Amino acid sequence: MLDLDKTNFEEEVLKADGYVFVDFYGDGCVPCQALMPKVHEFADTYGDKLKFTSLNTTKARRLAIAQKVLGLPVMAIYKDGEKVEELVKEACTEESIEAMIKKYI
C-alpha cells in the first residue's frame with residue numbers, strides 16, 4: 001500500500017495509467033482506523049491487479065478538499081486521473097469496499 005501526500009498524489013493517482021484505489025483517512029477518524037486492517041488485507045489480495053494507495057487527509061487537507069473529500073472515511077477508485085467511483089462514510093463497509101474493488105479488477 002503506497003502512502004500518498006501532496007508531493008506524490010498527482011504523479012501516483014492523477015497521472016497513473018489504469019485503476020488506482022485511494023483510501024482517504026484521518027488521524028482522528030475511528031471508522032477509518034477500524035477499516036484500515038481490512039483495506040490493507042484487500043491490498044495484499046488484489047494488489048497485483050489494482051494499485052492501492054492511502055492519503056492521510058489530516059496532513060493534506062487542501063488536497064482532500066480539492067478531491068471533494070469532505071467527510072471520512074472515503075474509499076475511491078480513479079482511472080486515468082478521474083474519480084470513477086467512491087464510497088463515503090456509512091457506505092464504507094468491508095463488503096461494499098470489496099464489491100467496488102472487484103468491479104475494477
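User: Why is Lys-89 called partly exposed?
Analyst: In this predicted model, the relative accessible area of Lys-89 is 41%. Buried requires under 20% and exposed requires over 50%, so with 41% Lys-89 falls in between and is classed as partly exposed. Lys-89 belongs to the loop between β5 (82–88) and α4.

User: What is notable about phi of Lys-89?
Analyst: Phi of Lys-89 is near 45°, which is a positive value in a residue other than glycine. Most residues other than glycine have a negative phi. Lys-89 therefore departs from that general tendency.

User: Where is Lys-68, and what is its phi?
Analyst: Lys-68 sits in the loop between α3 and β4. Its phi is positive, about 60°, although Lys-68 is not a glycine.

User: Why is Lys-68 called exposed rather than partly exposed?
Analyst: The label exposed applies over 50% relative accessible area. Lys-68 has 64%, so it is exposed.

User: What makes the peptide bond between Leu-72 and Pro-73 cis or trans?
Analyst: Omega of this bond is about -5°, and the bond is cis. Pro-73 is located in the loop between α3 and β4. Most peptide bonds are trans.

User: How is the fold built up along the chain?
Analyst: Starting at the N terminus, the order of elements is β-α-β-α-β-α-β-β-α. The chain holds four helices and five strands.

User: Why can the chain be called as compact as a globular protein of its length?
Analyst: The radius of gyration of the chain is 12 Å, and the globule rule gives 13 Å for 105 residues. The two values are close, so the chain is as compact as a globular protein of that length. The C-alpha trace spans about 30 × 30 × 20 Å along its principal axes.

User: How much of the chain counts as buried, and what share of its contacts joins residues 24 or more positions apart?
Analyst: Of the 105 residues, 45% count as buried. Among contacts with a separation of 6 or more, 68% are between residues 24 or more positions apart. The accessible surface is about 5,800 Å², with 49% of that area belonging to carbon and sulfur atoms.

User: Which residues have the most contacts inside the largest nonpolar core?
Analyst: They are Phe-21, Phe-52, Met-75, Ile-97, Met-100 and Ile-101, in a core of 16 residues. Two or more residues of this core come from each of α2 (30–46), β4 (74–79) and α4 (94–103). Helix α2 contributes the most, with five residues. Another core, of 15 residues, lies apart from it and includes Val-22, Phe-24, Ala-60 and Val-69.

User: What makes these sets of residues nonpolar cores?
Analyst: The term requires buried residues of the listed nonpolar kinds, joined through side-chain atoms within 4.5 Å. Phe-21 and Met-75 are among the members of the largest core, so each of them meets the requirement of being buried. In soluble globular proteins, nonpolar side chains tend to be buried together.

User: Which residues does Phe-52 touch, apart from those up to four places away in sequence?
Analyst: Phe-52 touches Met-1, Leu-2, Phe-21, Phe-42, Ala-43, Tyr-46, Gly-47 and Ile-101. Each of these contacts rests on heavy atoms within 4.5 Å.

User: How do you know whether Thr-57 is buried or exposed?
Analyst: Thr-57 has a relative accessible area of 9%, which lies under the 20% limit, so Thr-57 is buried. Thr-57 is part of the loop between β3 (51–56) and α3 (61–66). Beyond residues up to four places away in sequence, Thr-57 touches Phe-24, Tyr-25, Gly-26, Ala-64 and Leu-72.

User: Why are Leu-14 and Lys-83 both called partly exposed?
Analyst: The relative accessible area is 29% for Leu-14 and 26% for Lys-83. Neither value is under 20% or over 50%, so both residues are partly exposed. Leu-14 lies in helix α1 (residues 9–14), and Lys-83 lies in strand β5.

User: How far from Leu-14 is Lys-79, in sequence and in space?
Analyst: Leu-14 and Lys-79 are 65 residues apart in sequence, and their C-alpha atoms are 8.1 Å apart. Setting aside neighbours within four places, Leu-14 is in contact with Phe-9, Gln-67, Tyr-78, Asp-80 and Gly-81.

User: How far from Lys-83 is Val-13, and what does Lys-83 touch?
Analyst: Lys-83 and Val-13 are 70 residues apart in sequence and 9.6 Å apart in space, C-alpha to C-alpha. Not counting residues up to four places away in sequence, Lys-83 touches Gln-67, Val-69, Ala-76, Ile-77 and Tyr-78.

Terms used
Residues are numbered from 1 along each chain as its sequence is written. This is a predicted model: local features need pLDDT of at least 70, side-chain atom pairs count only at pLDDT 80 or more; totals for chains, interfaces and linings use all residues. Side-chain values use heavy atoms; hydrogens and water are left out. The radius of gyration is taken over C-alpha atoms; the globule rule is 2.2 Å times the number of residues to the power 0.38. Buried means under 20% relative accessible area, exposed over 50%, partly exposed in between (1.4 Å probe, protein chains only). Accessible areas come from the Shrake-Rupley method with a 1.4 Å probe; for residues, only the protein chains shown count as cover.
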